[in-house]
Structure formats: structure tokens, C-alpha cells
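Me: I should like to go through the model shown below by question and answer. Please reason briefly each time and finish on the value or name requested.

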Amino acid sequence: MSTAILQERQDQMCRTESGSKFSIVCDKESLAGAISQRACVFCGSRVVLYPIADALHLVHGPIGCAVYTWDIRGALSSGPELHRLSFSTDLQERDVIFGGEKKLYAALMELIERHQPKAAFVYSTCIVGIIGDDLKAVCKRVALKKGIPVLPVQSEGFKGNKRDGYRAACEAMFNLVGTGDTSAIPAKSINILGDFNLAGEIWMIRELYNRIGINVVANITGDGRVADICRAHGASLNVVQCSGATMHLARMMENEYGIPNLRVSYFGVEDMAESLYSVAEFFKDKEVMARARQVVKDELEKIYPQLMAYKKALNGKKAAIYVGGAFKAFSLVKAFRLLGMEVVMVGSQTGTEEEYKELQEITAPGTIIVDDSNPLELSSFLKEKEVDIFVGGVKERPIAYKLGVGFCDHNHERKEALAGFSGMLNFAKEVYSSVMSPVWKFMPRMEAQND
Amino acid sequence: MTDNHAPVRGINEFKNTAQSVGRAGGKRRQAPNYISTTNACKLCKPMGAALAFRGIEGSMPFLHGSQGCATYMRRYIISHFNEPMDIASSSLGEKHAVFGGGPNLKLGLTNIIKKFHPRFIGIASTCLTETIGDDVPMLINEFIRENESASELPALVSVSTPSYSGTHMEGFHAAVKAVLKTLVEPGQGEDMINLLPGFLSPAEIRHLQEIVEDFGLRGVVLPDISETLDGPALAEHELIPRGGTKISAIRAMGRARATLEFGRTMADSDSGGSWLARHKGVENYRLGTPIGLRETDRFLAVLEQLSGITTPEKYLSERGRLLDSFTDGHKYVFGKRAVVYGEEDLVAGMTSFLAEIGVQPVLCASGGKSGKLQEAVSEVSHDLSLETPVVQEGTDFYDIAEQTEALKPDFIIGHSKGYHLARKLAIPMIRVGFPIHDRIGGQRLMHIGYRGAQNLFDLIANTLLDKKQSDSEIGYSYM
């Protein structure tokens, strides 16, 4: 492969070929000096728990971890907005020397007094893992004193990668599950796991479930509420989106409460429709299934003419995808196909071997599949494949823009709803607005091609 | 030789006013004794170091710590500059935290050198590696010894930036000083001047270079992010963005005629200019960031002295037009009350300018804790302001919000993270400094010199006029 790739990383990427054996190495620690796009354990925990809007989220550590995660997700709340504030113990040198427990206790007492949250999550950071503050003990003391759940999140940045952070977040939430009253919950009820209500997406999805006759107990965690999570064990089914973030919670709930789970995705019309059908199928209720069919039909009728107009313009354009979890990439590949576009590169920060295999199966021969990539590699792929649009997050954006390539933000900072049926239309519009812009015509890359 | 203030009119004026602080000085409202921090008005120390390192030719900033630090900072910086911002990391895992991060630091350096061929690597520590006790300078020396046979190693500079001590600005200055301490070389005197401007925008660095050149001086700006964080559209991905202070020029900085360093609140211990003065005998002129009329006058006065020429006509014209616009617009801004927040030196500079145009700064707030902001604010504004502003150091947006609601300002001026305040109070916000995450063009904000003051004056006056016009029931199309 090209000079952009460090030898140690060669086996973390491949090009799909029909018939040949597929192999990729993943779930590795990032290579030092490779400029990984990954973050850390803390980041994983923080993104999962962030949307729980009536909880206090206190970051125990020096200021950086808290300030870089202040109001960074587009996760909306229909009520309280405590999650949009950034709380920190802002540890100073003397705290590092003498321990931060006293400060943590005092900060928690002060903030709980001030904001009256329904629960508090206390995030551990790198340094807390080293100085050895006993988070559990402090949280327990405060919980007793204040009468709310105070939950330590074992999210020391260096103790693994983002996926380990998801796990720590799930474990913290699992302490809440099972503590609420479930008597009023109807039989046909589900929890939505793994949607974070970016730009109000979970509201659209809840509405679709309601329309087919399914009740939603807890949003985990988009527009999340502590009390809902406490009674989440009363639902009959966990519907889980996204590969890593909340699967661990679903598994724990299955073991402890016997609640089965379904994996779904809400991106793209195919996957959105499939989500409704699979939930309807689970409840083995003809009426629910009939309603699901009707909802899908109605929604498709609404968006189809416009979608086809976009398809006409976008047909044959090339897309590249680099996202956090590989699961989202499946839906994106399908969504691009619906728009008549070809995916020529797809990668993720934390995909599993299974997921990459599945990606290989649904992409065209010659597609580049890559794990834990970096700007240098991504730039070389964009250029080699003459990509028209790159889908990723903020860190990927300048890679595309610097080379004069279109971009669509599909990360947690976005302000556009891209899930559900109307989300597919928004997605098409986003892609269209970037790909069809005349500005690319003037870029050096195009001029070089035309010479 | 110790630091010298330039014996010119600007500086003398500065000295005289400093004595009157007690009489007309600002009042320090004691920050409420909160334990927790809510919505910090500062960033962490390694962030500043990474930014400073980005302004050196062929440089790769490198954080010795866990992967998350580098990634979070990249995201934060990218969102402001809309430019690629690579920061390498030693990506420490659990075993490294126990047994030491040395091997991964060296592996990271090796990989960066192999893939990016940098001419410079700036290594900043993080709270993790400071706390586990990694001795980075020693590790780097080992690395250099182990790689002696390598054809040419990049310049390796390390700086200690534990995030539990100081803000991004201390990290920025410490990185600049570390670069100087590591790289300056003895030799023949050079007919050049050093410029240590602190954290200015790429557009401001370009303007600074233009001014110095127009005075016929050869200036070396450290760090120089004018191209590295505001580059052109490209056909080919650059391994490392072009531009940055040339390493050969940095090596000569110990032999320059003088240093001009911006920053009234910078600690002496963090000052690269002081270090050059003390150890290399380079005369240091410490000035306020040239924001507004008088701070720019002071800056140009020093340039006049160093160049031996009078201020070029171009700048006299700009100054004249600025004054002319002051008269055109003075009524629309007079008596308006402003809350100023952000980095301490930026706050001091903005306060200086606001006081000049008759805006009343009512709160000057920063998450930094230099202990000098009070004095700086007083020095630049006490003879102009009718009211003494509240000055708060070491504060956060929770405190700022509390104060702001009580002080009822007409507008706020600072970076994007104050937006929620402006929104809540339904007052305008003037975006200055870092980060600008809710607008494009953060890299092109230009607020220094007379030209920058003109930009600011027009922006502020028009923002206030716009507010008045929008709020008006009638809505005239003239003023």
C-alpha cells in the first residue's frame, strides 16, 4: 500500500475482493505516534451518559476533560438541561499531592444542593486512577447524605479505549435499573437503547413506535431521565442501536431480568423500516405489524419523490465513510446506495472483526476497509478514490475540506436529524448541499485533474 | 541584562499611570467561594503548548499521555481554525501507566519521524505522565543517544505542562520558552528583532509581520501560526502544514537586537523574553497586546525606537482614519456597558480599547490566575473609565453569569463559550479570541494594530446599531 501507511498498521486495513479470504486486525491499542482519531475511556463514558438530562455529570479531574466535553453533543432534552453544563472538580497541584477526595465530596454536596439533580454521575479521569481517590466511598457518603443515587463511572482515560468507556457507562447505569416502580408499564413496551436524541431524533423514533402501538419506557440515553432508567426493567424488550455504546447494558439486563434485545439501526429507510418490522414481529401481534406496514408506506410516500430527485443528481458520485462505531457504517452504505452513490472507503475507530466482515459483504469489490485510521491514511484514500463526499465527525472534516472534498457530519455534534424517514431526506439534502456546491470546481484538486 | 521597558513616550506614560493604581484602581469583587467549577473559562495547559508548537516550521506537536488528550484538543482546535491539526500521542495504556510511559514515548517519536519527517517535535506532558513521574527530558536524551546513528533527528523540545497547574496560556508561554531554551545557539549578533506575540490569530500574525517589515526591521515571530493554521486549499495533502517559524531563525534569537513580547499578565517565570534577556543579554520590551489605540501607539513607539525611523505614513493614515471613525461613531457606543472575558491578556487589551471608545467595561473576567489582571486593567483604563470595572481572575462561567445578570451589560465580548450568556440576556455578543466554535473565520479575526481597532470599532458600533434598529418599533433605515 501507499507510503501513507505505517507498516505496523498494514493489517488493520484491506481492500475487498470477491472470492478472496477477508482478514483485518482490530480491537488493538492505538499505535503511538499514529495520530489516531480515537479518544479515550472517559470519552466513551461521557458520550453515552451525556444525554441524561436530569442528572449531574461531574468530571473529577483537572479542567481539560470537563471543558472539552462542555455542551458538545447535539443531544436535545424535552425538559431539564443539566447535561449541557460542564462540572469539574478542577483538580490543582495540591489536590494531586494530598488527594482529591475532600474536594470531590464538597463539590458534589455543593452542586447537588444547587441543582437538585435526580442522580449524579462522577467520572474518573486519568489522574484519579493514579492518585487513587476512592470514588466509590465518596459517592456512597454523598448518596446517603443527599438521598439520590451518586454513581462512580470508572472511566480513567488510559485504561483501555472508547469501548471500555461505553462499558463503564453501562455499568454505572445498571445500578439504577431495577430500582423504579414498573407496575403501570403495559405489556407492549420497549426501551430504546443507543440513540442519543441528536437534533431530536429519538422523538421521531418514539413517535413511530407509538404509532404502531408500542410503548416506550426509557430512552437510553437520548432525552434520558433517571426515573425512566430506574424502571427500564419493566419493559418487554430492549431495542438497541449502535454496536458498542449500550449493548453491555442490554446484556446485563438480559441476564438479570430476562429482557431480550434486538439490534436495529434508524439510519436509512431500509433499516428504519426493518426496525419497526422486527419490533412488531417480536410482539407477534398482527395489528402492530399491519400498523408498521402502514407507517412505513405513509412515511415513504412522503419522502420518496424528493429522495428520487436527490438521487438523480447524486447518481454515481463516490462516498467515503469514517465513523466511531462500524455499526453505523452499515446503514450509511445502504443509505448511499439508495441515493445511487458508491461507497469506496469505509472505516471506523472501534469496529469489530465481525462488523468489518459484514461491511466487506455489503460493499463493492475494491472498497477500502480500515480500522483505527488517521488523517494521513484517510487523505491518501480520499485522493486515490477521487471521493466526492466524506462522512465523518469534526476531526475528519478538515481532512476532506483541505483537499476540496465535500463533507457530511454524521457525528455527535451534528445539528441535523439524520435518523428515521425524514432523517433520510435530511441526509440526502446534506449530501446534496455539499456534493453539488460549485465551489469544488475551483479547487486545486480539480484544476490539477483538468490539466 | 534585565528586562527594560523602552524609554519612549508610551512606556513612560505606562509607568506613570501604574503609580496611580491605588487611587483609581479597579475593584476586585471577591469571587464567591465555590468549590466546584462550572463551565470553565480556561483550557488546559497542554492545549496551549500544542498550539504554540504548531507555529514552528516542520513541527509535529506531541502529547505524552493518553490518546484522549490529543484527540479532544485536536477537535477543539479544528473547530476554531477549520484546518487540519495533527497532534501525535504516545497513546499510553494501563500497563504504561504502571511501568512508565518511556517506551511508548520513544515508539511514538520513531513512528512520527518515520512517517512525517518532521524538522521539529514539541513534546508536552499531560497530567497522567506528570503524575506517574515520567522524566521526559531524560527520556528524550536517551532517545537521542539511541538514535545517534540516524541521519538527522528533528529538533526535540519538551515542556512540562501538567494540566492541574495553570491554564492553556501558561502552557503556551512555557512552550515558547522551552523552544528558546532548547534551540538558541551562540554566534554572531544578528540584525533582527524577536517578536513573542503570545496567542494571536493567523491574520494577526500576518499583520504583525507586515508592520514590522514596514518599519524596515527583520523580525522573527515565535510562534508563527499565520500559515500553519490558516493555509490555502491544496491539491495534495501536506504531511505537515507549510509555514511556521524557521528553526534556523529560532536558533539565532539569542543574538537578536531586542525582543518584543506581548503580555501584561504573563508571569516572569513563563516569559521567553525575560529568559532571553537574562541569559542571552537580549533587551526585552514587554508590552500589552496592541489592541486599540494606545496599546498600538506604545507598540509603534518601540518600533520607532528600534528602527530609528518614524512611523510610516501608511500607519499614520490608518490611525487618522481610526480617530475619524471614533468621532463618527462615538455616540452610539458611549456609556454602553460591556462584560469582557477570556484569556487575561486579551481581556486587558479589549478593556483598553473599550475604555478608549467610551464603552464602560463592567466586568473583566478570566479563568486564568496570574494575579496581574487587576493591575493590567487598571493601567490601561483607569484614566478613561467613569466606573471601575469588577475584575475577576480564576473564575468560571457560573460566576460570570451571576455577575453579568447583576451588572446588566449592553453586550458581552469574548469567545464562543459565552454565547449562552448573551442568549439568556438577549444582548449582543462580540466574538473575539479563542475558541470561535459557532462562526466560521476564527483564524481570520484581526484585532491588533490600528487596522484591527478599526475592525473592532465598526463591529461594535454596528452591532449596537443593529440591536437598536431591531428593537425599534419603527425601524428607520438611517441612523
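Me: How many helices and strands are there in chain B?
Reply: The model is a predicted one. In this model, the secondary structure of chain B comprises 19 helices and 14 strands.

Me: What is the radius of gyration of chain B, and what does the globule rule give for 479 residues?
Reply: The C-alpha trace of chain B spans about 75 × 50 × 50 Å along its principal axes. For 479 residues the globule rule gives 23 Å, and the value for chain B is close to this, so chain B is as compact as a globular protein of that length. The radius of gyration of chain B is 22 Å.

Me: What percentage of the contacts in chain B with a separation of 6 or more comes from residues 24 or more positions apart?
Reply: Burial in chain B may be stated beforehand: 59% of its 479 residues count as buried. Among contacts with a separation of 6 or more, the share from residues 24 or more positions apart is 75%.

Me: Which strands of chain B stand at the edges of the open sheet with parallel pairing?
Reply: This open sheet has five strands in the order S12-S11-S10-S13-S14 of chain B, and its pairing is parallel. From one strand to the next, the twist averages 20 degrees. Pairing on one side only marks the edge strands, which are S12 (390-392) and S14 (429-431) of chain B.

Me: Which residue of S11(B) stands opposite B:Tyr341?
Reply: Strand S10 (residues 337-341) and strand S11 (residues 360-365) of chain B run parallel and are joined by five bridges. The residue opposite B:Tyr341 in S11(B) is B:Ala365.

Me: What is the order of the strands in the open sheet with mixed pairing?
Reply: Within chain A, S4(A) is joined to S5 (residues 150-153) by four parallel bridges, and S2 (residues 55-60) is joined to S4(A) by six parallel bridges. S2(A) is also joined to S3 (residues 87-88) of chain A by two bridges, again parallel, whereas the two bridges between S3(A) and S1(B) are antiparallel. The five strands therefore stand in the order S5(A)-S4(A)-S2(A)-S3(A)-S1(B).

Me: Why is one side of S5 of chain A and of S1 of chain B left without a neighbour in the sheet?
Reply: S5 of chain A and S1 (37-38) of chain B stand at the edges of the sheet. One side of each lacks a neighbour because each has a single partner strand.

Me: Which residue of S1(B) is the bridge partner of A:Ser88?
Reply: The pairing in question crosses from chain A to chain B, with S3(A) and S1(B) running antiparallel. The bridge partner of A:Ser88 in S1(B) is B:Thr37.

Me: How many residues of strand S4 of chain A are buried?
Reply: On one side of S4(A), A:Ala119, A:Phe121 and A:Tyr123 are buried, and on the other side A:Ala120, A:Val122 and A:Ser124 are buried too, which leaves both faces covered. In register, A:Ala119 stands opposite A:Ala55, and A:Val122 stands opposite A:Pro152 in S5(A). The count of buried residues in S4 (residues 119-124) is six of six.

Me: Is B:Gly243 buried or exposed?
Reply: B:Gly243 is found in the loop between strand S7 (219-221) and helix H11 (247-251) of chain B. Leaving aside neighbours within four places in sequence, its contacts are B:Asp224, B:Ser226, B:Glu227 and B:Thr228. B:Gly243 has 22 C-beta neighbours inside 10 Å, and the cut-off is 20 or more, so this residue counts as buried.

Me: Which element gives the most to the side of domain 1 of chain B that touches domain 2 of chain B?
Reply: Chain B is divided into domain 1 (45-183) and domain 2 (331-471), with 33 Å between their centres. Eight residues from domain 1 and eleven residues from domain 2 take part in the contact. With four residues, the element giving the most on the domain 1 side is helix H4 (residues 67-81) of chain B.

Me: Which element supplies the largest share of the side of chain B that touches chain A?
Reply: The contact takes 54 residues from chain B and 62 residues from chain A. By class, the chain B side has 25 nonpolar, 22 polar and seven charged residues. The largest share of that side, ten residues, comes from H4(B).

Conventions
Residues numbered from 1 in each chain as written. Chains lettered and ligands numbered in written order. Predicted model: local features only at pLDDT ≥ 70, side-chain atom pairs only at ≥ 80, totals over all residues. Buried ≥ 20, exposed ≤ 12 C-beta atoms within 10 Å, placed from the backbone. Pairing = 2+ DSSP bridges. Rg over C-alpha atoms; globule rule 2.2 N^0.38 Å. Contact = placed C-beta atoms within 7 Å. Axes fitted to C-alpha atoms, helices over the stretch in contact; angles between N-to-C directions. Domains from an automatic or database assignment. Nonpolar A, V, L, I, M, F, W, Y, C, P; charged D, E, K, R; others polar.
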